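User: I would like to go through the packing and the side-chain pairings of this model. Please keep the answers short.

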Amino acid sequence: MRPGLVFLGLAAAAPVAAAQPAYTIQPQPTLAQAQALGQAALAACQAQGYAASVAVVDSAGRVKLVLRADDAPKPPAAAPLKAAAAAHYDLPGSVMERRARADAAFGAELAAHKDIYNPHAGSLPLHEGGRLIGGLAVADVPHEVADACARAALAAAGGDIVTLP
């Protein structure tokens, strides 16, 4: 018997591992929910005279939706980072801002990850059925306005999505 044939026989008998997806699907808002939240946030800011950017992410912080108002002054870079922070820490940005000032370790953690998280007011974690499904953020407007627009969007969108106070 030739050694090459034995090897081929053993290789053919070995179990083949199933291909794994590149990443797993995380709990997330549906596209319709993300669009409703995004449009409602832009409308809430526009009603106050502001052109904003909005992002919705899944529970792992991956972008689901980014919108930028027609007259928004900046590219929508901050909104996805704010939404990712809200989802990762499961806290509103306004709470993270206060906690970072009061808790040096938390502040240092945020500072170490400023390339992926932007923990400022205007971002909210999103929950449905008692579990975290993502984050919503409004950016490129004053923080107080961003927070009000995000909360107004959540109220206007209705449905089962809620956030922390």
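Analyst: The questions below deal with a predicted model, taking the nonpolar core, one helix, the disulfide and the salt bridges in turn.

User: How many residues does the largest nonpolar core have, and which element supplies the largest share of this core?

Analyst: The largest nonpolar core has 27 residues, and among those with the most contacts inside it are L37, C45 and V56. Helix 2 (31-47), strand 1 (53-58), strand 2 (63-68), strand 3 (123-128), strand 4 (131-139) and helix 6 (143-157) each supply at least two residues of this core. The largest share, 7 residues, comes from helix 2.

User: How many residues are in the second, separate core?

Analyst: This core is separate from the one that holds L37 and C45. Its members include A84, A85, Y89 and L91. The second core has 8 residues.

User: Is L37 buried or exposed?

Analyst: L37 lies in helix 2. Beyond four places in sequence, L37 touches V56, L126, L136, A153, L154, A157 and I161. Its relative accessibility is 1%, and the cut-off for buried is under 20%. L37 therefore counts as buried.

User: How far apart in space are L37 and L154, C-alpha to C-alpha?

Analyst: L154 is one of the residues in contact with L37. The two are 117 residues apart in sequence. In space, C-alpha to C-alpha, L37 and L154 are 6.3 Å apart.

User: What distance separates the end C-alpha atoms of helix 2?

Analyst: Helix 2 has 17 residues, and the rise used is 1.5 Å a residue. The expected span takes one less than the number of residues, so helix 2 should span 24 Å. The model agrees, with the end C-alpha atoms at a separation of 24 Å.

User: Which elements do the buried residues of helix 2 pack against?

Analyst: The buried residues in helix 2 are A34, L37, G38, A40, A41, L42, A44 and C45. Just after helix 2, G49 takes a positive phi of about 90°. The buried residues of the helix pack against strand 1, strand 2, strand 3, strand 4 and helix 6.

User: Which residues form a disulfide?

Analyst: The count of disulfides comes to 1. The sulfur atoms of the pair are 2.3 Å apart, and the cut-off is within 2.5 Å. The disulfide is formed by C45 and C149.

User: Which parts of the chain does the pair C45 and C149 link?

Analyst: A disulfide is a covalent bond between the sulfur atoms of two cysteines. Both C45 and C149 are buried. They are 104 residues apart, so the pair links distant parts of the chain: helix 2, which holds C45, and helix 6, which holds C149.

User: Is the disulfide of C45 and C149 right-handed or left-handed?

Analyst: The handedness follows from the torsion about the S-S bond. For C45 and C149 that torsion is about 135°. The disulfide is therefore right-handed.

User: Which residue forms a salt bridge with D58?

Analyst: D58 lies in strand 1 and is buried, with a relative accessible area of 6%. The closest N and O atoms of the salt bridge are 3.5 Å apart, and the cut-off is within 4 Å. The partner counts as partly exposed at 31% relative accessibility. That partner is R62.

User: Which backbone nitrogen lies 2.9 Å from a polar atom of the side chain of D58?

Analyst: Leaving aside neighbours within four places in sequence, D58 is in contact with Q26, P27, Q28, P29, A87, I133, G134 and G135. The nitrogen at 2.9 Å from a polar atom of the D58 side chain belongs to A60.

User: What N to O distance is found in the salt bridge of D103 and R99?

Analyst: D103 counts as partly exposed at 27% relative accessibility. R99 counts as partly exposed at 37%. The N to O distance between their side chains is 3.8 Å.

User: About how many helical turns separate R151 and D147?

Analyst: The side chains of R151 and D147 meet in a salt bridge at 3.1 Å, N to O. R151 is partly exposed, with a relative accessible area of 28%, whereas D147 counts as buried at 14% relative accessibility. Because they are 4 residues apart in helix 6, their separation is about one helical turn.

Conventions: Residues are numbered from 1 along each chain as its sequence is written. This is a predicted model: local features need pLDDT of at least 70, side-chain atom pairs count only at pLDDT 80 or more; totals for chains, interfaces and linings use all residues. Side-chain values use heavy atoms; hydrogens and water are left out. A nonpolar core is a set of buried Ala, Val, Leu, Ile, Met, Phe, Trp, Tyr and Cys residues joined through side-chain atoms within 4.5 Å. Buried means under 20% relative accessible area, exposed over 50%, partly exposed in between (1.4 Å probe, protein chains only). Contact means heavy atoms within 4.5 Å. A polar contact is a pair of N or O atoms within 3.5 Å; within protein, one must be able to donate a hydrogen and the other to accept it, and residues adjacent in sequence count only if both atoms are side-chain atoms.
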